[in-house]
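Please walk me through this predicted model, taking the cysteines, the salt bridges and the internal cavities in turn.

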Amino acid sequence: MKIAIEGCAHGELQQIYNTIDLIEKRDNIKVDLLICCGDFQATRNTDDLLAMAVPLKYRQMCSFHKYYSGELVAPILTIFIGGNHEASNHLQELSYGGWAAPNIYYMGLAGVINVGGIRIGGLSGIYKSNDYMRGRFEKQPYTEQTKRSIYHIRQLEIFRLKQLRQPIDIMLSHDWPQGIENHGNLKQLLKYKPFFESDINEGKLGSKPARELLDELKPKYWFAAHLHCKFAAIVNHTSDNNEEMEKRCTKFLSLDKCLPKKRFLQILDVPHDDSKSINLMYDLEWLSILHLTNHLLNINSNMYYLPGPSASERYDFTPTEEEKTAVLNMFSHDLRIPNNFITLENYKSKTNPQTTTFCEKLCIDDPLALLLGQWSRSSLTENEPEIDSTFPSFVNSTVCSINEDELMDKTSEKIPMSPFVLPEPKNDNTCSNINENSFMNNFSSIIMTNTSTEESHKDVHQSQGLLVKLSQDKGTYNYNVVSVIILTEVTKLVISLFLFWKDNPLKNIIDQTRENYTVLFLYMVPALLYCLYNNLAFVNLSIFDPTTYFILLQLRVILTGIVYQCLFKKDLSKIQWLSLVLLTIGCMIKELKMEGNIRQQSNGFFISILLMLTQILCSCLAGVYNEYLLKKGQGVNVNVYVQNIYMYTDSILCNILLWITFKHNETESNTSEINIFKNYMVMYIVMNSAMYGVVTSLLLHSLNSIIKVFATAIELVLIAVLSWVILGYPITLQTVSAVCIVSCSVVIYAKHPITKSTPPNTNSNKNMTNI
């Protein structure tokens, strides 16, 4: 059989077929099979382009859509695996493999098929250690993070491939196996790719799991791509089989991407069984492994462990002859892969009918359907004997969980091992200590990427208030407040740039800005509101003592709660409303008798309250803008650090305009920008505020606004005590009463968090994870 091997396709499918056609005519041969080793870019439409993790200049439709629509027909039977530049939403529909277009077959996340008697295995994606032990949790709409993590290989694919015992003729991967460079012409490789040397010296070149597969499976051929160069190697294996030493070798070949003058294509003559037609066939051993390991499927973002020799459960899933016979009966002894390709417009649901048919026949679960809540537990077929589950709660006993009680409750009873096991993959709250980038099912990952900036701009938090008060000179500021806020925003901008630069080149900011420039302008609105909020905070702290200021500031909870009830359709129970009423009463008690100059000047009192209410309104409007307008999709594809950079940049511009306005109208002032650096307390304010803002943006992105606001109220007791000890403000009866009432409202609310109004749909509720 003549097989054409291609490296990275990068969407140039028509060019690849044209090149093969020229070779066939030149050499008078006929190519039977084309194998593509990743970066296939099976983009059907513009929506698929948006799901690709590629720079904007590479986001092009290319030619696959012509074969998908039927405008062109693939002249050669084609199989491919996924790489790191793929239409992830398309390939996610075909987790176990399927026809991406007529005569073009995708091998799935991992898979084994037979073509004319040749056994071909495949592993899609690339290796990243931070995602390797996680479940398959990604779903649309993708964030910049999940758009990349979705093509990272997982331990389950490697675990399943390691169960294979029958010989593999050809193995495909996008990544190189780690250490493969030592089995070929390393000197020539470094001459062509000199920058590989540092990765080689550090052991970072190639995939460690792929190397484990290479040593375990010992295939005759291994084809790869990814690194955009042609490289050949021969790996000699030694195995002990029945006390006789058997020598086997793997011929490795990696090819370049499809470009002029690049070595991207090679045709090999691979021996095959002439009696078998060159059609795609399911592999019985692989089908049996999928069937037996279905219970290991995990669709949560937390890390979890697979069974090993020390586990009490079964860990060797190499199928027995009895198990393979049972699976063969499921397919009625017909392992031909059906030509059941169907286009997107003919789908009856959000899942691919090919995968649905395959999963129903094999009694396994479609991970995408589970994520979407469209799939229930797989049932046994009529031909399969009904046997008790061997693993009643396998995922619970092996998942990384912080709740040991949940694990103990469901693993106390052991059941004798039996050959067939079909427990339901876990998609419940026992495995959800790390959420799926969402606090509500319908907001998904959009919420995570945008909420990060909200709390980071409420600069004057509780401990900051004490520093601001200590920096005052007889109730006034001997420095320019706007300049301090600008310096704070610049510091946060520098920190965010550094955090982004650690994992990404800075030029990516320019690329993302060109693509999502509207987001930069959209952030101008909350930046302006936070600009007013931060400046009013300094003004109000010069009027009120810290305890009074922060008690009054909690009035924003009432406004935020009302907005959440109206805009986000979230139910506030009677108990939650009681907590808000208690909060209001606490603020009123604190203001029944004010200390200081305010109670002596009624006009000044009302002006002060008006300023306080204006600050609260800015806080609420900014939060609502972030969580209602921006989270409708405008900023979903922007990196979270880039969003912070946008916010800080816009905030700096707003504060500079405010500074220019004050300077223009200023006739005489005792303040100076130089005084900022003379007052050491001011520098504490800048650093404390900057670090608080950045840390908050990274740690509190999974909480909604009203929960964050209540979290800040917990510090009220500590503020009252410190204000008395450090600043000398007395703790009066009103202060004690107000703090106690507000603290009670916090406790009441914390026990009854906001829930989303949901229709009576039991399936969707079952598949929602808790925070």
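Why does Cys618 form no bond with the closest cysteine sulfur, in Cys531? The sulfur of Cys618 is 9.2 Å from that of Cys531, which is too far for a bond, given that a disulfide is counted as a pair of cysteine sulfur atoms within 2.5 Å. Before going further, note that the model is predicted, that local features need pLDDT of at least 70 and side-chain atom pairs pLDDT 80 or more, while totals for chains, interfaces and linings use all residues. Residues are numbered from 1 along each chain as its sequence is written, and side-chain values use heavy atoms, with hydrogens and water left out.

Cys618 has a relative accessibility of 6% and so counts as buried, where buried means under 20% relative accessible area, exposed means over 50%, and partly exposed lies in between, computed with a 1.4 Å probe on protein chains only. Cys8 is likewise buried, at 0% relative accessibility, and because its sulfur lies 8.2 Å from the closest cysteine sulfur, in Cys37, that pair is too far apart for a bond. The structure as a whole holds 0 disulfides.

Charged side chains offer another set of links, since 21 salt bridges are found in a search of the whole structure, a salt bridge being a side-chain nitrogen of Lys or Arg within 4 Å of a carboxyl oxygen of Asp or Glu. One of them joins Glu93 to Arg44, with the closest N and O atoms 3.4 Å apart. This pair links distant parts of the chain, 49 residues apart, with Glu93 in the loop between helix H4 (88-92) and strand E4 (98-101) and Arg44 in the loop between strand E2 (33-36) and helix H2 (46-50); helices (H or I, at least four residues) and strands (E, at least two) are DSSP runs, numbered from the N terminus. Both partners are buried, Glu93 at 6% relative accessibility and Arg44 with a relative accessible area of 10%.

A salt bridge within a single helix is found between Lys492 and Glu489, at 3.2 Å from N to O. These two residues lie 3 residues apart in helix H19 (residues 481-503), about one turn of the helix, and each is buried with a relative accessible area of 0%, as computed for Lys492 and for Glu489. Returning to the earlier pair, salt bridges with shared partners join Arg44, Asp48 and Glu93 into one network. By contrast in setting, the salt bridge of Glu202 with Lys204, whose closest N and O atoms are 3.0 Å apart, involves an exposed lysine, Lys204 having a relative accessible area of 56%.

What space is left inside the protein? The search finds 10 cavities of 30 Å³ or more; on a 1 Å grid over the protein atoms alone, a cavity is a set of points where a 1.4 Å probe fits but cannot get out, and lining residues have an atom within 4 Å of a point. Grid points are joined across faces, edges and corners, and a volume is the space filled by probe spheres set on the points. The largest cavity holds about 240 Å³ and is lined by 20 residues, with Gln92, Tyr106, Leu109, Arg136 and Ile150 nearest its centre. Its lining draws at least two residues from each of H4 and helix H14 (367-371), and divides into 9 nonpolar, 8 polar and 3 charged residues, where Ala, Val, Leu, Ile, Met, Phe, Trp, Tyr, Cys and Pro count as nonpolar, Asp, Glu, Lys and Arg as charged, and the others, Gly among them, as polar.

The second largest cavity encloses about 150 Å³, and among its 17 lining residues Leu109, Leu156, Glu157, Arg160 and Leu297 lie nearest the centre. Helix H7 (155-161) and H11 are the elements that give two or more residues to this lining, H7 giving the most, with 3 residues.

Helix H11 (284-292) also serves, with helix H13 (353-362), among the elements that cover the buried residues of H12, contact meaning heavy atoms within 4.5 Å. In H12 (residues 321-330), those buried residues are Glu323, Lys324, Ala326, Val327, Leu328 and Met330, and just after the helix Ser332 takes a positive phi of about 55 degrees.

Note on methods:
1 Å grid on protein atoms, 1.4 Å probe; cavity = no way out; pocket = protein on both sides within 12 Å on 5 of 7 lines; lining within 4 Å.
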